[in-house]
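Reader: Could you take me through one part of this model closely, and then show me how the rest of the picture fits around it? I would enjoy the reasoning as well as the numbers.

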Amino acid sequence: MQICRHLNYVRSLSPGKAVFYYQTPESDFVPIQVETNRIRAAKSGFTEAYDKNQKIKNLAPQDLAYSNPQCIDSCYVPPNVSEIHCRFSLRVEANSLTPDSCEDEKVRRYLTQLALSYAQAEGYQELARRYCKNILMGTWLWRNSHTLGTKVEVITSNNNRYVIEDSRRLDWGADWPKDEKTMLNSLASEMAIALCESKKYWFADIKATLKTGFCQELHPSQKFLDSHAQGGSSKQYATVGCSDGNQAACFHAEKVGAALHLIDDWWDDEADKRLRTHEYGADRDDLIARRHPMTQKDFYSLLTLTAVFIRQLRNVRDAGGEIPPQIHYLMAVLCKAGMFQRGKN
């Protein structure tokens, strides 16, 4: 199958912002505030003493002892608060069943048949199980998952409630305890239906309760700044406006989504880490593309094999067996969505 000039998908998982707050006897929602601090940092960067050729600059001994004044945002648990909450909502839709925009009718038919065959082979169950693992493990909390205890609660639009009393005990590659495994399978079954049935709209309200230390530091999303005002913070945290005019620290929806899509361990038979679903398998820790086009494991190389994958899925449906990992990866990218067109050239 040839990739056409115009092809795009709408994302299947749409998380909202994850908001940090705590509760008191008087209020169920008190937002965690972001504060701005001016500090006297030490000069410690490489360029303070060396040039680009690693030659020592002409400096007096005192030059490296002067302070480096900075203005930065910070976020901490308020004093005498030992438990905070982080909450977001998730909408799941069956948008991977067919392209949102596709100029080539033959390509549209192929991709629609691929999704249908994948659903018939129960492939969406595997994707849903992986997304739900990240939800129940609290992966979306990122650095904030390092607590004295993390409770995760999920309430779905099917009026079902799932509670993990301490997500710290759960590990991606380990065998989960019986009760937690039952919850995972049930939650994944709900999500899988929403991923492969176009008339089914599924929502989940997800909340983590974190047991924290005294004035423990929190790590909301950090804003990307091209520049900042003179005297303004050089590091700024994301906030969301509340109805009372206060600002609450939060994660961007994109950062929550990045955690949910942290499922790609199909990039190698001996993969030692999960990657965020990405067309070229971007590994941001090691700054390398694990699915470089030279490997023929990237999304676009696999997309051209759609007709082959349809036949393989039919064999799985009719004769049993496991779905090849490259098909799971391909469908995971379609669930993530994006602009996949070849362009004009």
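Author: Happily, and let us take helix α2 in this predicted model. Helix α2 covers residues 105–120, and at 1.5 Å a residue its 16 residues should span 22 Å; the C-alpha atoms at its ends are 22 Å apart, so expectation and model agree. Which residues of α2 are buried? They are V107, L111, L114, A115, S117 and Y118. Looking down the axis of α2, you will find these buried residues within an arc of 165°, so they line one face of the helix. The general background is simple: an α-helix has 3.6 residues a turn, so residues three or four places apart point the same way.

What lies over that face? The cover of the buried residues of α2 includes β1 (7–9) and β8 (101–102), along with the helices α3 (123–137), α6 (299–303), α7 (306–319) and α8 (325–336).

The two ends of the helix deserve a look too. At the start of α2, a side-chain oxygen of D104 comes to within 2.9 Å of the backbone nitrogen of K106. After α2 comes E122, with a positive phi near 65°, and E122 is a residue other than glycine. E122 belongs to the loop between α2 and α3, and its relative accessible area of 62% makes it exposed. W142 is another residue that has a positive phi without being a glycine, in this case about 55°. You will find W142 in the loop between α3 and β9; its relative accessibility is 32%, so W142 counts as partly exposed.

That brings us to the aromatic residues. The structure holds nine aromatic pairs. In one of them, F88 and W140, the ring centres are 4.8 Å apart and the planes stand at 70°, so the pair is edge-to-face. F88 sits in strand β7 (residues 83–92), whereas W140 sits in the loop between α3 and β9 (149–156), so the pair ties together parts that are 52 residues apart in sequence. Both partners are hidden from solvent: F88 counts as buried because its relative accessibility is 2%, and W140 counts as buried because its value is 0%.

Y280 and Y300 pair as well: their ring centres are 5.8 Å apart and their planes meet at 40°, so this pair is tilted. Y280 is in the loop between β15 (275–276) and β16 (282–283), while Y300 is in helix α6, so the pair ties together parts 20 residues apart in sequence. At 35% relative accessibility, Y280 counts as partly exposed. Y280 and Y300 also belong to one aromatic cluster with Y9, F299 and F340.

W172 has charged company. The charged end of K133 sits over the ring of W172, 4.8 Å from its centre, and the charged end of R274 sits over the ring of W172 too, 4.1 Å from its centre.

Finally, a stop at strand β9, where T150 is found. Is T150 buried or exposed? With 0% relative accessibility, T150 counts as buried. Setting aside neighbours within four places in sequence, the contacts of T150 include L141, S145, I164, A208 and L210. The side chain of T150 also makes a polar contact, at 2.6 Å, with the side chain of T147. For a sense of scale, the C-alpha atoms of T150 and D318 are separated by 43 Å, with their positions 168 residues apart along the chain.

Definitions and conventions. Residues numbered from 1 in each chain as written. Predicted model: local features only at pLDDT ≥ 70, side-chain atom pairs only at ≥ 80, totals over all residues. Heavy atoms only, no water. Helix = DSSP H or I, 4+ residues; strand = E, 2+ residues; numbered from the N terminus. Expected span 1.5 Å × (residues − 1). Buried < 20%, exposed > 50% of the residue type's maximum accessible area, 1.4 Å probe, protein only. Arc of directions from axis to C-beta. Contact = heavy atoms within 4.5 Å. Polar contact = N/O pair within 3.5 Å; in protein donor to acceptor, adjacent residues only side chain to side chain. Phe/Tyr/Trp six-rings, centres within 6.5 Å; stacked < 30°, edge-to-face > 60°. Lys NZ or Arg CZ within 6 Å of the ring centre and 35° of its normal.
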